[in-house]
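Visitor: I'm new to this structure and would like a close look at just one part of it. Could you walk me through the place where the ligand sits and what surrounds it?

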Amino acid sequence: MRVFALTGGIGGAKLALGLAKVLAPDEVAFVVNTGDDFEHLGFHVSPDVDTLVYTLAGEANIETGWGRQDESWQFMRAAEQFGLPTWFRLGDRDLALHIYRRQRLAEGATLTEVTRETCRRLGVAQPVLPMSNDPVRTRVLTPDGSLAFQHYFVRDRCRPTVTGFEFDGIEDASINPELSALLGAGASSDRPGAIVICPSNPFVSVDPILAVPGMRDMLRSAGAPIIAVSPIVGGQAIKGPTAKMMRELDIPASATAVARHYRDLITGFVLDECDASREAEVADLGLATAVTRTVMSSLDDRIALARDVLAFAGA
Ligand code: FO1
């Protein structure tokens with residue numbers, strides 16, 4: 001039984017770690033958003049891929065959720081002396097990965113190949129599959145024009161008002177062939193047991209994955225339950241700008257609104273206990289529902305939620 005987990009950065013990576021702890025490495029595969037990627041200081045930065053790999057490797061910085069733990073910032077301090085941009089923090093240890101990836105991409109490796117190599121070197125056994133090897137760049141639309149995602153998210157600290165999103169390059173992006181081989185038509189014998197949409201930002205972390213041409217159809221035709229875990233708990237996002245974006249898009253910042261956002265793809269939706277009162281209105285969308293603790297503070301929380309999601313999928 002193979003589980004495919006679609007994830008973006010920090011929030012989704014928490015559930016991804018729980019799934020990695022309860023499933024054997026050959027029972028799970030992670031499909032990661034690359035819309036946050038950008039060229040910076042000559043590097044191809046792939047934040048959601050790196051956040052997931054570091055998280056699965058037990059290397060993630062637990063305060064920030066991104067970058068590595070036990071980090072030092074000598075390079076950033078020296079970069080400041082040369083007037084180089086330091087709004088996007090690149091730690092000294094993280095830098096090695098960026099230099100490695102730049103070299104391998106220059107040698108013609110795909111993002112998937114580089115990610116497989118970094119997983120091997122960091123001791124991550126699960127497949128981490130970028131949604132596509134082709135460039136897709138999320139842009140955030142604001143009343144004053146569009147912003148590259150990292151400019152919105154990091155440089156401008158999510159302050160601009162969001163009016164919409166664009167995924168530049170998405171029309172020409174192909175589904176990662178390794179994902180198609182695992183999940184696509186004519187894939188190997190065993191059908192997946194579940195497809196899980198981790199609690200990442202639906203608009204900028206999950207939608208780019210779903211927008212890759214053919215992705216929705218491939219997920220639907222896999223013949224497995226497709227379950228989303230709400231990233232909104234009690235009207236708040238646990239991390240990041242999801243609730244703020246929803247309000248700015250005139251969408252209620254509620255778990256129900258997230259379920260509605262995914263309704264034409266998913267078969268089941270997991271709400272947090274504090275949103276139990278919304279379970280009926282989610283069910284009215286024609287979705288199977290489960291209510292459990294979805295706020296993940298500890299590793300045990302991550303594991304418990306993973307178990308609940310898999311049990312829900314089994315049901
Ligand atoms: N997020 C920040 O808020 N500030 C940063 O300085 C920052 C640096 C950074 C470096 C490497 C990396 O892989 C991720 C980094 N992130 C940073 C997170 C990044 O902005 C991601 O896009 C978010 O995790 C949203 O998915």
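**Around the ligand**

Guide: Happy to! Keep in mind that this is a predicted model. Let's begin with the contacts. An oxygen atom of the ligand is 2.8 Å from a side-chain N or O atom of Q150. The protein wraps up a good part of the ligand, too: on its own the ligand would expose 520 Å², and the protein buries 91% of that.

Q150 has company. D48 puts a polar side-chain atom 2.7 Å from an oxygen atom of the ligand. With R89, look at the backbone instead: a polar atom there is 2.9 Å from an oxygen atom of the ligand.

Now zoom out a little to the whole shell, which has 14 residues around the ligand. D36, D48, R89, Q150 and V154 are the ones that come nearest. By type, the shell splits into 8 nonpolar, 1 polar and 5 charged residues. If you'd like to trace it along the chain, find α2 (47–56) and α6 (149–155), since each of these helices supplies at least two residues of the shell. The largest share comes from α6, with 4 residues.

Where does all this happen? The ligand sits in the largest pocket. That pocket has a volume of about 880 Å³. It is lined by 42 residues, and those closest to its centre are G9, I10, W66, F153 and K239. Several helices take part in the lining: α1 (10–22), α2, α4 (92–106), α6 and α8 (202–211) each supply at least two residues. Here α2 gives the most, with 5 residues, whereas α6 has the largest share of the shell around the ligand. The pocket lining divides into 19 nonpolar, 15 polar and 8 charged residues.

While you're here, take a glance at the second largest pocket, with a volume of about 420 Å³. Of the 23 residues that line it, L17, T55, A60, I62 and R302 are the closest to its centre. Its lining takes two or more residues from each of α1, α2 and α13 (299–314). This time α1 gives the most, with 5 residues. The types here are 9 nonpolar, 8 polar and 6 charged.

To find your way back to the ligand, go to the largest pocket and look for Q150, whose side chain has an N or O atom 2.8 Å from a ligand oxygen.

How values were computed:
Residues are numbered from 1 along each chain as its sequence is written. This is a predicted model: local features need pLDDT of at least 70, side-chain atom pairs count only at pLDDT 80 or more; totals for chains, interfaces and linings use all residues. Side-chain values use heavy atoms; hydrogens and water are left out. A residue is near a molecule or strand if one of its heavy atoms lies within 4 Å of it. A polar contact is a pair of N or O atoms within 3.5 Å; within protein, one must be able to donate a hydrogen and the other to accept it, and residues adjacent in sequence count only if both atoms are side-chain atoms. Accessible areas come from the Shrake-Rupley method with a 1.4 Å probe; for residues, only the protein chains shown count as cover. On a 1 Å grid over the protein atoms alone, a cavity is a set of points where a 1.4 Å probe fits but cannot get out, and a pocket is an open set with protein on both sides within 12 Å along at least five of seven lines; lining residues have an atom within 4 Å of a point. A molecule sits in a cavity or pocket if more than half of its atoms lie within 2 Å of its grid points. Ala, Val, Leu, Ile, Met, Phe, Trp, Tyr, Cys and Pro count as nonpolar, Asp, Glu, Lys and Arg as charged, and the others, Gly among them, as polar. Grid points are joined across faces, edges and corners, and a volume is the space filled by probe spheres set on the points.
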